[in-house]
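Load the model in a viewer, with selection by residue number switched on. The stops below are meant to be taken in order.

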Amino acid sequence: MSRGLGNNNPGNIRRAKVRYRGEVRPSRDPEFKQFESLAWGYRAIFVLLDTYRRRYGIDTLRGMLSRWAPPSENHTEAYIRAVAGDTGIDPDEPLDTRDAATMVPVAASISRVENGAKADRDEIIRGWELFVE
């Protein structure tokens, strides 16, 4: 099992001062957050991407993934191409981070890229429901 899935953190969100609902504190992983369930981990992906749009005006896959997976740690352009290919979303198209039809596939693709395994759609939907409640 990948580190992200083992941590119930399918987006491999790094430890930071920001706290999420469903987060295990303290995380037993020295670098990454841990969540109580995969659904809480997917919710954190939705929260973080929505924060990029609302707080920072970052509203495209290219912008979001450049912040999510910076070139200092990742091959960002390959990451962007992978998510765009999985979802059919143009990397420079503005996204509505409050639209499930857009964001569920984005979260599934981020999880696949981060963990090398197909995401569990039921868990993503549960994460979306936690996000919009």
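Start by selecting E23 and R19, whose side chains form a salt bridge with an N to O distance of 3.4 Å. The model is a predicted one. How do the two partners compare with the cut-offs for burial: is E23 buried or exposed? E23 counts as buried because its relative accessibility, 11%, falls under the 20% limit. R19, at 46% relative accessibility, counts as partly exposed. In the whole model the count of salt bridges is 14.

**A link across the chain**

Next select E133 and R21. Their side chains meet in a salt bridge at 2.7 Å, N to O. This pair connects distant parts of the chain, 112 residues apart: E133 belongs to the segment after α6, and R21 to the loop between α1 and β1. E133 is exposed, with 63% relative accessible area, while R21 is partly exposed at 39%.

**A buried arginine**

Keep E133 and R21 displayed and add R43, which sits in helix α2, residues 38-56. Which side chain of opposite charge is nearest to R43? That side chain is E133, at 6.2 Å. The limit for a salt bridge is 4 Å, and R43 is buried without having one. Show the surroundings of R43 as sticks: leaving aside residues up to four places away in sequence, R43 touches R21, G127, L130 and F131. R21 therefore appears twice at this stop, as a contact of R43 and as the salt-bridge partner of E133.

**The largest pocket**

Stay with α2 and turn on a pocket or surface display. The largest pocket has a volume of about 580 Å³. To centre the view on this pocket, select I13, R14, Y20, L48 and Y52, which lie nearest its centre among the 25 lining residues. Which element gives the most to the lining? Helix α2 does, with eight residues. Both α2 and α3 (61-68) supply at least two residues each. Colour the lining by residue class and the split is twelve nonpolar, four polar and nine charged.

**The second largest pocket**

Now hide that lining and select D86, T87, P105, A108, S109, R112, K118, A119, R121 and I124, which line the second largest pocket. Three helices give two or more residues to this lining: α4 (76-87), α5 (100-115) and α6 (121-132). Of these, α5 has the largest share, with four residues. The space in this pocket comes to about 170 Å³. By class, its lining has four nonpolar, two polar and four charged residues.

Within this lining, pick out R112 and D86. The two side chains form a salt bridge of 2.8 Å, N to O. This contact joins distant parts of the chain, from R112 in helix α5 to D86 in helix α4, with their positions 26 residues apart in the numbering. Both partners are partly exposed: R112 has a relative accessible area of 33%, and D86 has 41%. For a further set of charged side chains, select R3, R14, D29, E31 and E73, which are joined into one network by salt bridges that share partners. R14 has already come up, as one of the residues nearest the centre of the largest pocket.

**Backbone stops**

The last selections concern the backbone. Most residues other than glycine have a negative phi, and most peptide bonds are trans. Exceptions to look at follow.

- Select R25 and P26: the peptide bond that joins them is cis, with omega about -5°. P26 lies in the loop between β1 (23-24) and β2 (34-35).
- Select N8: its phi is positive, near 55°. N8 lies in the loop between α1 (3-6) and β1.
- Select N12: its phi is also positive, near 50°, and N12 too is in the loop between α1 and β1. Is N12 buried or exposed? N12 counts as buried because its relative accessibility is 15%, under the 20% limit.

With the loop between α1 and β1 still selected, return to R21, which is in that loop and pairs with E133 in the salt bridge visited earlier.

Notes: Residues are numbered from 1 along each chain as its sequence is written. This is a predicted model: local features need pLDDT of at least 70, side-chain atom pairs count only at pLDDT 80 or more; totals for chains, interfaces and linings use all residues. Side-chain values use heavy atoms; hydrogens and water are left out. Buried means under 20% relative accessible area, exposed over 50%, partly exposed in between (1.4 Å probe, protein chains only). Lys and Arg count as positive and Asp and Glu as negative; His and the chain ends are not counted. Contact means heavy atoms within 4.5 Å. On a 1 Å grid over the protein atoms alone, a cavity is a set of points where a 1.4 Å probe fits but cannot get out, and a pocket is an open set with protein on both sides within 12 Å along at least five of seven lines; lining residues have an atom within 4 Å of a point. Grid points are joined across faces, edges and corners, and a volume is the space filled by probe spheres set on the points. Ala, Val, Leu, Ile, Met, Phe, Trp, Tyr, Cys and Pro count as nonpolar, Asp, Glu, Lys and Arg as charged, and the others, Gly among them, as polar.
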